[in-house]
Amino acid sequence: MLIFTRYTYWAGAMVALAVFFGVVGRTGALEPVQDVFLRATGPLEDGLSATFRPVAGFLDDVRDLDRLQGENRDLLVENETLRNEIAALQGDALRIADLEAALNITSGDPSAERLAAGVMSRTQGPLTSQLRIDKGTNDGIAEGNVVISVQGTLLGTVTRALASSSFVRLVMDSRSSVAGQVLGSTADGIVKGDGRDMSFSLVEGDVNVGDTIVTSGLGGTYPPDLRIGEVSEVLGDLQDPFPRVRLDPTVRISTTRTVLVITSFVPDRFQLDN
Amino acid sequence: MRAALIAFVLLLTALAQVTVAPLFPVSGAVVELPLIVLLLLAVFVGPTAVMAGLPVLALCLSFAANIEFEWLLLAYLPILPIASWIERPRALPLNRYAQTLSIALAVGIWARALLATVAMASGADLAIVFVVTDVILPGMLLDGALLSFAYLACRSVGWEARSMELQRAGF
């Protein structure tokens with residue numbers, strides 16, 4: 001080949017190396033080495049993040065100034081509404097506790113064991129979206145565990161658990177798909193990512209802008225009723241059997257520093273294809 | 001000493017690709033820092049640095065980003081063969097900067113297309129139009145802009161651009 005005149009042997013050696021590592025990598029033999037590497041380079045990663053994150057945050061804020069001001073006004077109104085609802089719910093909770101005590105009912109969700117983990121880095125490619133967290137198998141994390149935000153919004157799934165850290169595939173990742181449904185409705189579909197945004201596809205039922213989408217629990221990969229996002233746009237006409245629905249995440253991944261891992265939730269069927 | 005310095009730069013590049021590059025996306029695309037650093041190494045240090053450094057960088061990035069080593073290695077592998085072809089007499093009548101930029105664009109397309117294909121093979125539901133308009137094109141612009149800036153910076157501190165063709169051994 002003309003273009004490989006001087007690099008033939010080197011290119012051949014690299015392809016052989018790629019095949020060798022491809023085989024070795026699939027046996028899991030590199031995982032301890034990767035764990036040591038990540039532990040050793042952790043401080044360097046932290047230093048790089050700490051240096052550039054404020055710059056990126058400032059640029060983001062400048063770009064979003066108008067939107068942030070509007071959002072702030074809306075949040076103030078929403079905050080007041082929610083405070084009133086909390087007051088009403090606290091009254092309800094007290095009444096329910098009294099009734100449970102009277103009827104000798106014990107409550108508690110066994111799937112709610114949560115482990116707080118710090119976000120070490122975020123890999124945001126055009127097609128991939130994943131986090132690395134500072135907890136691993138030594139802390140009880142296993143592949144398939146569901147990861148949520150501190151506020152309870154679904155973030156993703158642990159796809160690789162090393163001894164002291166884990167990789168989390170976010171719901172925005174192009175390889176992610178989550179069975180979802182409209183909160184308070186029977187309309188359901190599949191939430192898919194494309195690397196940076198989410199869409200709600202194969203929707204059966206009515207969906208409107210502003211609807212909240214939660215996990216349906218179908219398939220057993222995620223527990224039900226975890227908030228995923230809000231409908232921001234519905235594309236397609238009334239005759240369209242499967243309208244295209246875009247979702248806004250309700251959590252800002254770029255500024256998330258702490259996440260919760262539901263360690264007690266074991267997916268019914270968990271097949272990794274990473 | 002020089003080898004250790006290059007290894008450290010490659011490690012830093014891999015970590016920056018994971019921690020810094022995602023902070024500055026343009027239309028969802030992220031700059032390919034490994035590609036730019038490998039090209040600058042090829043131009044200002046020599047092709048042997050890339051021959052030794054490519055697997056080191058691919059391994060570091062594979063560990064840091066949890067991407068399979070083999071795909072990263074294959075993604076950046078064409079840098080030197082393409083450079084060798086472009087530098088041939090009568091291949092492309094370009095100056096060194098334009099040659100370097102051409103290599104970056106060609107390898108950028110190859111690397112992103114390869115990684116997109118891998119993502120699709122592992123379950124990503126992506127349209128080819130989306131990959132072209134939202135991944136490859138903005139990525140090429142980002143790579144071109146950053147490479148131009150870095151190339152000018154290196155030239156302005158007095159570094160001479162070298163041939164990327166592998167020299168014959170001699171006495």
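In the predicted model, A:Leu131 has A:Val168 of β5(A) as its bridge partner. This pair belongs to the contact between two strands of chain A, β2 (residues 129-133) and β5, which run antiparallel and are joined by 4 bridges. A second neighbour of β5(A) is strand β4 (residues 154-161) of chain A. These strands also pair in the antiparallel sense, here over 5 bridges. Within this pairing, A:Arg160 stands opposite A:Phe167 of β5(A). A hairpin of 4 residues links β4(A) to β5(A).

Strand β5 of chain A covers residues 166-170 and is mostly covered, with 5 of its 5 residues buried. In a regular strand, side chains alternate between the two faces of the sheet. In β5(A), A:Ser166, A:Val168 and A:Leu170 point one way. A:Phe167 and A:Arg169 point the other way. The residues on both sides are buried, A:Arg169 among them. A:Val168, the partner of A:Leu131, and A:Phe167, which faces A:Arg160 across the strands, thus point in opposite directions from β5(A).

Further pairings in chain A involve strand β9 (residues 212-215). Strand β6 (residues 177-182) of chain A runs antiparallel to β9(A), and 3 bridges join them. A:Gly180 is matched with A:Thr215 of β9(A). Strand β10 (residues 227-235) of chain A also pairs with β9(A), in the antiparallel sense and over 3 bridges. There, A:Thr212 has A:Glu230 of β10(A) as its bridge partner.

Chain A as a whole contains 3 helices and 12 strands. Its C-alpha trace spans about 80 × 50 × 40 Å along the principal axes. Of its 274 residues, 31% count as buried. Among contacts in chain A with a separation of 6 or more, 55% are between residues 24 or more positions apart.

The chain is divided into three parts: domain 1 (9-62), domain 2 (64-103) and domain 3 (112-268). The centres of domain 1 and domain 3 of chain A, taken over C-alpha atoms, are separated by 24 Å. Domain 1 of chain A gives 8 residues to the contact between the two, and domain 3 of chain A gives 6 residues. On the domain 1 side, the residues comprise 1 nonpolar, 3 polar and 4 charged.

Chain A also touches chain B. The contact takes 44 residues from chain A and 43 residues from chain B. On the side of chain A, the elements that give two or more residues are α1 (8-26), α2 (31-63) and β1 (114-124). The largest share, 11 residues, comes from α2(A). By class, this side of chain A has 19 nonpolar, 15 polar and 10 charged residues.

Within chain B, helix α2 (residues 33-44) packs against helix α6 (residues 96-121), with axes that come within 10 Å and cross at roughly 145°. The crossing of α2(B) past α6(B) is right-handed. From α2(B), the contact is made by B:Leu35, B:Ile36, B:Leu39 and B:Val43. From α6(B), the residues are B:Thr100, B:Ile103, B:Ala104, B:Val107, B:Gly108 and B:Ala111. The contact of the two helices has 8 nonpolar and 2 polar residues, and no charged ones.

Methods:
Residues numbered from 1 in each chain as written. Chains lettered and ligands numbered in written order. Predicted model: local features only at pLDDT ≥ 70, side-chain atom pairs only at ≥ 80, totals over all residues. Contact = placed C-beta atoms within 7 Å. Nonpolar A, V, L, I, M, F, W, Y, C, P; charged D, E, K, R; others polar. Domains from an automatic or database assignment. Buried ≥ 20, exposed ≤ 12 C-beta atoms within 10 Å, placed from the backbone. Pairing = 2+ DSSP bridges. Axes fitted to C-alpha atoms, helices over the stretch in contact; angles between N-to-C directions. Left-handed = near helix turned anticlockwise from the far one by under 90°.
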